[in-house]
Amino acid sequence: RQFPILKRAMTMMSAHLPTDIKDVQLEATTVPVDKVASELHLDLVIKREVPTIGFVILFVGFFALASAGAAFDLQGPGVTASMKTYWRLTSTALLISP
């Protein structure tokens, strides 16, 4: 069956999708219940794709946080624990901030 109103609504909605959602479709199928009646089943199909910049941000953030401990060990024994904590929080905030 054709559903022109639903098709037009889905077309209008696709203009306002988030960047990771590429397409939205509404699929309708009829399932026979008995000899006379049938049921209409609607499925909403969403196609998603993660942008490349998402993987870049994930990799940079992971590397920055994983290497922070080794970098702070290079400060030496003369630096207090509270100063190391301050530098860890400050560097993490700077690396994570947009």
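**Chat about a three-helix, two-strand model**

Modeller: The protein's secondary structure comes to three helices and two strands, taken as DSSP runs numbered from the N terminus (helices are H or I, at least four residues; strands are E, at least two). This is a predicted model, where local features need pLDDT of at least 70 and side-chain atom pairs count only at pLDDT 80 or more, while totals for chains, interfaces and linings use all residues. Residues are numbered from 1 along each chain as its sequence is written, and side-chain values use heavy atoms, with hydrogens and water left out.

Colleague: In what order do the elements run from the N terminus?

Modeller: The order is α-β-β-α-α.

Colleague: How do the axes of α2 and α3 cross?

Modeller: Helix α2 (residues 52-73) and helix α3 (residues 81-96) have axes that come within 11 Å and cross at roughly 150°. That makes α2 roughly antiparallel to α3, a label for angles over 145 degrees (under 35 is roughly parallel, 65 to 115 roughly perpendicular, the rest oblique). Axes here are lines fitted to C-alpha atoms, for helices over the stretch in contact, with angles from 0 to 180 degrees between N-to-C directions.

Colleague: Which residues meet there?

Modeller: From α2, A64, L65, A68, G69 and F72 meet K84, W87, R88, S91, T92, L95 and I96 of α3. Contact means heavy atoms within 4.5 Å.

Colleague: Switching topic, what percentage of the residues count as buried?

Modeller: Of the 98 residues, 8% count as buried (under 20% relative accessible area; exposed is over 50%, partly exposed in between, with a 1.4 Å probe and protein chains only).

Colleague: And where does L40 lie?

Modeller: L40 lies in strand β2 (residues 38-48). L40 counts as partly exposed because its relative accessibility is 40%. The C-alpha atoms of L40 and A28 are separated by 6.7 Å, with the two residues 12 apart along the chain.
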